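Me: Please take a close look at the salt bridges, and then place them within the rest of the fold. I would like one connected account that says how far each statement can be trusted.

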Amino acid sequence: MAHATPEFYAIQSSSPITTLRFSQQAPVILKHQLHSEKNPISAIIAKQESPEKYGVIEQLFFSCLQTGDDRSALLCLEQLTCRFGSSNEKVMGLRGLYEEAIAENQSDLEDSLRKYDSYLSENPLNLPILKRRVALLRSLSRPADAITGLVELLKAVPTDAEAWCELADLYQSQGLSSQAIFSLEEALLIAPNAWNIHARLGEVLYICARTAGTEVSSRYLQRSIQYFCRSVELCDDYLRGFYGLVLATSLQLKREYTMGFAQASSSASTDDFLPKEKADKLNLLARRKLEDIVKQRSGNRQLWEHAQGELIAAQELLDRNLC
């Protein structure tokens, strides 16, 4: 089975172990679902459908695809199709995802792409298909076409924050940092309290600070620190926000130590620099908070399974002397 291309908007954030456990429950969940549908008395008692009912089936569909249980995924898809119809845009997107997942070679994926083009010729604003097409183009190593597709999507729906974030990721993958920064700024106009987007923008700015010339590097770095601060202000236990804040403040402190503030000021305005005292305090605060998060989550089996990679990376960061 070919690797299932994930949708570029969030499908689910469960750990691999949690996903596997959930998918293993597919026979029981689907059997119960079919029984309730065949029992008219249950339908009368229920009076109306629960909104969560088909949400569970949809999440089960994703989990089954991710764990390679194509048969159960197809059963989930058939139930959703039976309920909402094959012409439902979301169902069309899910069917496209299923066909991508079971594709055995490049030719099968190209067939899926042609189907998407056919659907869009009939309805250019079919958003689930537009998004699947972009994700497929990216998996086919056609980033330029994926960027073009996203730009067209955003012309039609400029308020899709997730699409702006995906566009930023594509731009960054092609070394187009300025465009990535612009895209994330647009996403924040739509979702100003999204702490993960603030942190992502901080990460892109941090990368720019490490690679840009001396004249603009300090400005990127200070903006990076600001966005990481805003991220943890909005979510006071966001690991990536504190991780980034440790990196960014450590970089400033290291530069001031090796270059000296006076030398740095010769190539940039003092307004571009966070006062050393504040940088020290922020670095210490971020380290302590990161230590607490790692300690707390490492002792919780469920949290450890969910974010094992991030926790290991955070501990390695704390073990390094960055300043």
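Salt bridges and their surroundings

Reply: K155 pairs with E152 in a salt bridge whose closest N and O atoms are 3.4 Å apart, a salt bridge being a side-chain nitrogen of Lys or Arg within 4 Å of a carboxyl oxygen of Asp or Glu. This is a predicted model, in which local features need pLDDT of at least 70 and side-chain atom pairs count only at pLDDT 80 or more, while totals for chains, interfaces and linings use all residues. Residues are numbered from 1 along each chain as its sequence is written, and side-chain values use heavy atoms, with hydrogens and water left out.

Both partners of that first pair, K155 and E152, belong to helix 9, where they sit three residues apart, about one turn of the helix; helices (H or I, at least four residues) and strands (E, at least two) are DSSP runs, numbered from the N terminus. K155 counts as exposed because its relative accessibility is 60%, and E152 counts as partly exposed because its value is 44%, with buried meaning under 20% relative accessible area, exposed over 50% and partly exposed in between (1.4 Å probe, protein chains only).

A second pair repeats the spacing in another helix. E233 forms a salt bridge with R230, the closest N and O atoms being 3.0 Å apart, and the two residues lie in helix 13 (residues 214–234), three residues apart, about one turn of the helix. E233 is classed as exposed because its relative accessibility is 58%, and R230 is partly exposed because its relative accessible area is 29%.

The third pair needs a separate description. The side chains of D237 and R297 meet in a salt bridge at 3.7 Å, N to O, and this pair links distant parts of the chain, since D237 is in the loop between helix 13 and helix 14 (239–259) and R297 is in helix 16 (residues 276–298), 60 residues apart. D237 is partly exposed because its relative accessible area is 36%, while R297 counts as buried because its relative accessibility is 17%.

In total the structure holds 19 salt bridges, and a network of them links R138, E166, D169, R200, E203 and R240. Side chains of opposite charge can pair when their charged atoms come close.

One member of that network, E203, is among the buried residues of helix 12, which also include L201 and L205. Helix 12 has 17 residues and reaches 25 Å from its first C-alpha to its last, close to the 24 Å expected at 1.5 Å a residue, the expected span being 1.5 Å times one less than the number of residues. Beyond four places in sequence, L201 touches I181, L184, E185, L188 and Y227, a contact being heavy atoms within 4.5 Å.

L201 also leads to the nonpolar interior. Of the 36 residues in the largest nonpolar core, L167 and L201 touch the most other members; such a core is a set of buried Ala, Val, Leu, Ile, Met, Phe, Trp, Tyr and Cys residues joined through side-chain atoms within 4.5 Å. Helix 7 (106–122), helix 8 (127–139), helix 9, helix 10 (161–173), helix 11 and helix 12 (195–211) each supply at least two residues of this core, and helix 10 gives the largest share, seven residues. Apart from this core lies another, of 28 residues, among them C235, L239, L290 and I293.

Helix 9, the site of the first pair, spans residues 143–156 and includes P143. P143 counts as partly exposed because its relative accessibility is 22%, and, its neighbours within four places in sequence aside, P143 is in contact with L170 and Q174. P143 and L167 are 24 residues apart in sequence and 10.0 Å apart in space, C-alpha to C-alpha.

The whole chain has 18 helices and zero strands, and buried residues make up 43% of its 323 residues. As for confidence, the chain averages a pLDDT of 84, with 81% of the residues scoring at least 70, where pLDDT is the predictor's confidence in each residue, from 0 to 100. The mean is highest in helix 11 (residues 177–190), at 97, and lowest in helix 3 (residues 40–46), at 46.
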